[in-house]
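Student: Please take a close look at one part of this model, the packing of two helices within a chain, and set it in its surroundings.

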Protein chains: 2
Amino acid sequence: MQCDVLVIGSGILGTVSAYYIKKNNPERDVILVDMLASPGSGNTGRSNGMFRNTFTSLDNQILADNSIDFYLEAQSQGADLGIQKIGYLWLLDEKKASIYEKQIQRMRENGIDVNVYTKTELEKKMNFQPSPASDESLVMGLKPVSEGVFGSKCGRLAPEKLVSFYIDKFVKIGGKTIFNHKVMRIVASALKSLGIEGEPFVWQEWFFSAAETENYSKIYFKDIVVACGAWTNVILEPLGLDFQVKSKKRQIFSIAAKNSGPLIELMNTKGFNELGLLPMVILPVAGIHFKPVVESQEFWVACEDEINREFIDKPGDLSIYNAEEEYFNLNIYPVLKEYFPQFSRPEIKSMWAGLYAYHLPDCIPFVQRESNMVIVGGDSGSGIMKADSLGRIVDAAYRREEYAKLYNGTYYPVERIGTKNRKVEKEEWVI
Amino acid sequence: MQCDVLVIGSGILGTVSAYYIKKNNPERDVILVDMLASPGSGNTGRSNGMFRNTFTSLDNQILADNSIDFYLEAQSQGADLGIQKIGYLWLLDEKKASIYEKQIQRMRENGIDVNVYTKTELEKKMNFQPSPASDESLVMGLKPVSEGVFGSKCGRLAPEKLVSFYIDKFVKIGGKTIFNHKVMRIVASALKSLGIEGEPFVWQEWFFSAAETENYSKIYFKDIVVACGAWTNVILEPLGLDFQVKSKKRQIFSIAAKNSGPLIELMNTKGFNELGLLPMVILPVAGIHFKPVVESQEFWVACEDEINREFIDKPGDLSIYNAEEEYFNLNIYPVLKEYFPQFSRPEIKSMWAGLYAYHLPDCIPFVQRESNMVIVGGDSGSGIMKADSLGRIVDAAYRREEYAKLYNGTYYPVERIGTKNRKVEKEEWVI
């Protein structure tokens with residue numbers, strides 16, 4: 001089998017990339033290949049499905065803001081992307097508030113909509129316990145909430161619907177998909193082969209020529225896009241390439257609100273958004289956060305998981321996808337119930353885990369060309385909300401353009417987000 | 001067992017770090033632990049044992065120049081470090097020469113001694129073939145040498161002697177060593193433990209408390225230094241820490257000069273240094289390089305090995321240390337014999353492989369504090385030549401000083417070479 005462009009990975013980033021390459025180069029054969037049975041059914045489908053434009057890094061602001069505008073416009077034109085603009089509400093203690101102050105000012109200067117609510121304002125709007133005072137909370141050292149930062153152009157979306165949206169468009173303009181085919185290896189070949197075993201030698205010019213799938217069939221290509229998320233190292237390390245991607249297990253716990261008066265009341269908190277729903281709330285401890293899922297009357301709860309949670313270089317064992325109820329009970333629940341007593345004696349309806357692919361130097365995604373390969377990844381837990389911009393940048397990198405034109409007309413320099421002459425500043429607001 | 005400071009790894013970086021911490025904090029118990037039977041017998045002992053101050057990055061220049069001055073002074077005072085200041089000679093083709101031009105000018109502005117020799121000057125000094133013209137060389141696309149760049153404050157040193165030098169000093173001032181003890185795991189503990197299984201929880205403050213060795217004995221410490229080179233991820237990934245270190249196998253082939261008139265003549269090329277020896281020579285293709293080892297009448301030959309040589313995240317299999325004769329025959333020899341026909345029909349006396357620990361974002365080492373841990377590593381093939389400076393920086397980081405005083409009196413900002421607020425520029429001259 002052969003094609004002009006092979007895209008590996010039909011998570012959100014691979015799917016969007018395949019679509020923009022096919023759209024802007026309609027004469028090219030573009031194949032999107034994935035090891036799973038359907039698009040977006042790996043870690044994209046396991047994600048929390050949120051979007052926000054409230055980042056400290058200008059690059060993240062641009063990537064997210066343009067993508068969100070595109071998604072909002074698509075939904076307003078009839079596409080069902082499951083968007084609910086509920087907003088993000090960061091609850092800060094005094095120390096965090098003073099750290100965030102300058103960052104919030106910079107966001108405002110860049111046109112990002114953020115409001116700061118005082119503790120008193122928050123107490124009027126929302127039923128919670130800003131100053132936990134139980135014996136347990138004192139032992140735990142929980143700090144009082146001193147203010148809240150609210151981002152309005154933020155909310156929920158449905159990852160599987162977003163993937164479907166792009167894959168339908170991709171197929172409609174002639175893109176091809178192959179599922180249930182795991183790429184085991186990308187082959188590098190000598191540009192001027194002498195037919196000797198072991199090529200390319202160190203003195204030879206080389207290019208990437210083919211992808212070998214599990215059953216040893218080969219897909220030959222002229223160019224290749226690698227969008228493998230947490231599997232990036234599995235594909236690239238054997239070639240001697242590295243892009244500083246490492247993964248961590250992250251868990252989501254779905255708490256039933258249905259049979260609990262206080263939780264239903266909390267879910268329907270008015271005054272933050274036009275939907276009359278509680279926003280996504282982030283507590284001042286360990287990034288513990290929860291969002292209302294109104295259609296099924298549940299809250300999805302999760303947290304940051306930094307120390308003592310192993311980094312994974314290359315996923316192998318599928319047990320990584322098992323969530324741990326004990327983890328919720330010992331790490332999340334003791335904090336959650338102190339600030340929001342509505343969560344006392346919670347009923348866990350379901351729980352699952354996924355792999356969160358960090359780009360560790362700065363927690364900002366990268367798009368980099370290497371010979372006839374373009375690699376995209378390292379989205380650090382916020383790829384879905386930047387996907388439309390990243391797909392356009394991948395297409396620009398494929399065409400060897402200096403700039404990518406994003407949805408709102410911004411010309412974004414491709415090299416800026418590359419790994420070789422990278423010019424982005426570290427992102428400080430990572431959950 | 002317990003101590004004030006535990007240093008893991010008695011390669012060159014761990015040994016120097018242990019020495020400077022003990023020297024500047026004599027009241028502290030410092031233990032240096034290593035999995036092997038003697039210091040420097042891992043990848044430090046497998047290295048090529050070279051030093052140079054010719055780097056494009058100002059930070060590498062400072063780190064190396066100060067260390068080299070310290071080593072030269074120590075040897076002039078009677079220490080045997082095996083130093084031979086033979087120099088480094090980069091042979092460049094036209095394209096490389098034009099890329100290097102500005103970098104060389106910047107080195108000169110920073111006081112680094114570099115000379116540029118024209119092709120004609122090189123031909124007078126040294127017996128070689130600047131313009132390979134055989135059928136094979138044409139097929140291979142070998143470019144003519146257009147100039148040579150010579151660094152004089154560069155040369156050989158003996159890694160095992162340098163390690164012995166520091167470890168003797170360390171032990172003399174009361175430092176303790178433990179060999180044949182493999183650290184399997186570093187334990188993180190809650191600062192205010194509640195005695196519950198699974199601590200530290202995400203809402204707890206924590207610190208590193210102990211190192212568990214292979215036989216499950218524990219070494220408790222107040223502070224820990226991790227200097228594990230290629231094993232950095234094995235120790236740190238389980239803790240959820242990452243420092244962008246990855247390793248590659250690198251091989252050295254020792255070619256006998258003894259029974260070859262032309263090779264002995266090449267070895268004794270005059271006019272480059274006071275020793276009347278050929279310098280380390282780097283060819284314009286794939287970083288293929290060789291150095292004379294006069295005491296045993298051999299040349300050590302190696303090369304860069306980028307594409308298709310896998311990156312290793314966590315070393316496991318010891319077969320990594322097997323060198324491949326076929327690799328020399330197909331990758332190095334065809335190029336070597338075209339520029340230096342003296343190497344025709346070479347006799348490989350011995351060959352070995354080691355792990356080269358890259359710091360991939362910029363190929364410059366890092367020293368970073370994380371809680372009560374200091375991590376040093378990522379020396380990217382040039383740790384030995386920067387070790388004295390890095391050891392002093394580790395000590396400064398241990399003492400939470402803002403600056404480290406290097407050998408020549410330079411005050412170097414510790415944060416500059418950290419991973420969190422890193423300020424170094426990418427190194428361009430990496431072999």
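Tutor: What follows describes one helix pair, then its setting in the chain and a few single residues.

This is a predicted model, in which local features need pLDDT of at least 70 and side-chain atom pairs count only at pLDDT 80 or more, while totals for chains, interfaces and linings use all residues. Residues are numbered from 1 along each chain as its sequence is written, and chains are lettered from A and ligands numbered from 1 in the order in which they are written.

The pair is helix H1 (residues 12-24) and helix H11 (residues 387-398) of chain A, whose axes come within 8 Å and cross at roughly 50 degrees. Helices (H or I, at least four residues) and strands (E, at least two) are DSSP runs, numbered from the N terminus. Axes are lines fitted to C-alpha atoms, for helices over the stretch in contact, with angles from 0 to 180 degrees between N-to-C directions. The angle makes H1(A) oblique to H11(A); under 35 degrees counts as roughly parallel, over 145 as roughly antiparallel, 65 to 115 as roughly perpendicular and the rest as oblique. The crossing of H1(A) and H11(A) is right-handed, that is, the near helix is turned clockwise from the far one by less than a right angle.

On the H1(A) side, the residues that meet H11(A) include Ile12(A), Leu13(A), Val16(A) and Tyr20(A). Among their counterparts in H11(A) are Leu390(A), Arg392(A), Val394(A) and Tyr398(A). Two residues are in contact if their C-beta atoms, placed from the backbone, lie within 7 Å. By class, the contact of H1(A) with H11(A) has 10 nonpolar, three polar and three charged residues. Here Ala, Val, Leu, Ile, Met, Phe, Trp, Tyr, Cys and Pro count as nonpolar, Asp, Glu, Lys and Arg as charged, and the others, Gly among them, as polar.

In chain B, the axes of H1 (residues 12-24) and H11 (residues 387-398) come within 8 Å and cross at roughly 50 degrees. H1(B) passes H11(B) in a right-handed crossing.

As for the setting, chain A has 11 helices and 20 strands. Its radius of gyration is 22 Å, close to the 22 Å that the globule rule gives for 431 residues, so chain A is as compact as a globular protein of that length; the radius is taken over C-alpha atoms, and the rule is 2.2 Å times the number of residues to the power 0.38. Among contacts in chain A between residues at least 6 apart in sequence, 74% join residues at least 24 apart. Buried residues make up 49% of the 431 in chain A; a residue is buried if 20 or more other C-beta atoms, placed from the backbone, lie within 10 Å of its own, exposed if 12 or fewer, and partly exposed in between.

The contact between the chains takes 36 residues from chain A and 36 residues from chain B. H10(A) gives the largest share of the chain A side, four residues.

Some single residues remain. A cis peptide bond joins Glu199(A) and Pro200(A), with omega about 0 degrees, and Pro200(A) lies in the loop between strands E9 (183-190) and E10 (206-213). Ala286(A), not a glycine, has a positive phi of about 55 degrees. With 18 C-beta neighbours inside 10 Å, Ala286(A) counts as partly exposed.
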